[in-house]
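Here is a short briefing to read with the model open beside you. Take it at your own pace, and look up each residue as you go.

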Amino acid sequence: MRRPEEALHRAAVSYLRANLSKPWLCWHTPNGGGRSKAEAGILKAMGTLAGMPDLFVLGPQKAPPEHWRSVTQAMVKEGRTLEQIKEALGVDLDQSRPAPSLVAIEFKAPPRRLASGRLSSAKPRLNPAQRALQADLGACGVPYLVIDDLEELIRALKALGVPLRGRTP
């Protein structure tokens, strides 16, 4: 497939639909694509927001507040700073808050292979509208994951307490 971001998105949806425990679900809000100015205006008036993440995962809040401590402790053991942890989770780490029931996911194309044969270490970039929505969702306690690899997505969701059945692909 010539569109690696789309391939990753499709693979993630396929994996999540097969492995999310009920009543958890995932969905895509189709904001992109070609539209006429009239249709774009109608959709904007109906509530479409620029920068909306590619995918949402939703489920009941069941994990105790201790869950945040275990997630952050694991990241500290990995050597991450508090700022890196806050950025990775996209939320304020208030220990009294239960684990999220909503997770926002933005897909970015996997790293490109350089002429040397190594993978690029450049980080995927969010546009200004995506950064603004990431900040707004984070202020609401919603983690905003920026993902370029399916296994990375699975690890992050499990760390956030999302119940996934099955094995990592």
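What follows is a quick tour, from the overall layout down to single residues. Please keep in mind that this is a predicted model. The protein has 6 helices and 4 strands, and 34% of its 169 residues count as buried.

**Overall layout**
- Starting at the N terminus, the elements come in the order α-β-α-β-α-α-β-α-β-α.
- Among contacts with a separation of 6 or more, 73% are between residues 24 or more positions apart.
- The exposed surface of the protein comes to about 10,600 Å², and 55% of that is supplied by carbon and sulfur atoms.

**Helix 1, with a buried side and an open face**
- Helix 1 covers residues 4-19, and its 16 residues should span 22 Å at 1.5 Å a residue; the end C-alpha atoms are indeed 22 Å apart, so the two values agree.
- Which residues of helix 1 are buried? They are Leu-8, His-9, Ala-12, Val-13, Tyr-15, Leu-16 and Asn-19.
- These buried residues lie on the same side of helix 1, because they cover an arc of only 170 degrees around the axis.
- As background, an α-helix has 3.6 residues a turn, so residues three or four places apart point the same way.
- On the face turned away from the buried side, helix 1 carries the exposed residues Arg-10, Ser-14 and Arg-17.
- What do the buried residues of helix 1 pack against? Their partners are strand 1 (25-27), strand 2 (55-58), strand 3 (102-107), strand 4 (144-147) and helix 6 (150-159).

**Helix 2 and the glycine after it**
- Helix 2 spans residues 37-45, and the number of its 9 residues that are buried is 0, so this helix lies largely in the open.
- Gly-47 follows helix 2 and has a positive phi, near 115 degrees.

**A cis bond before strand 1**
- The peptide bond that joins Lys-22 and Pro-23 is cis, with omega at about 5 degrees.
- Pro-23 sits in the loop between helix 1 and strand 1.
- For context on both this bond and the glycine above, most residues other than glycine have a negative phi, and most peptide bonds are trans.

**Strand pairing**
- Strand 1 pairs with strand 2 in the antiparallel sense, over 3 bridges.
- Leu-25 is found opposite Leu-58 of strand 2.
- Strand 2 and strand 3 also run antiparallel, joined by 4 bridges.
- Phe-56 has Ala-104 of strand 3 opposite it.

**Leu-145 in strand 4**
- Leu-145 belongs to strand 4.
- Is Leu-145 buried or exposed? Its relative accessible area is 5%, which is under the 20% cut-off, so Leu-145 counts as buried.
- Leu-145 and Leu-55 are separated by 90 residues in sequence, while their C-alpha atoms are 9.8 Å apart in space.

**Cysteines**
- How many disulfides does a search of the whole structure find? The count is 0.
- Cys-26 counts as buried because its relative accessibility is 7%, below the 20% limit for that label.
- Cys-140 counts as exposed because its relative accessibility is 65%, and the limit for that label is over 50%.

Key:
Residues numbered from 1 in each chain as written. Predicted model: local features only at pLDDT ≥ 70, side-chain atom pairs only at ≥ 80, totals over all residues. Heavy atoms only, no water. Disulfide = S-S within 2.5 Å. Buried < 20%, exposed > 50% of the residue type's maximum accessible area, 1.4 Å probe, protein only. Helix = DSSP H or I, 4+ residues; strand = E, 2+ residues; numbered from the N terminus. Expected span 1.5 Å × (residues − 1). Arc of directions from axis to C-beta. Contact = heavy atoms within 4.5 Å. Areas by Shrake-Rupley, 256 points an atom, 1.4 Å probe, with all protein chains shown as cover. Pairing = 2+ DSSP bridges.
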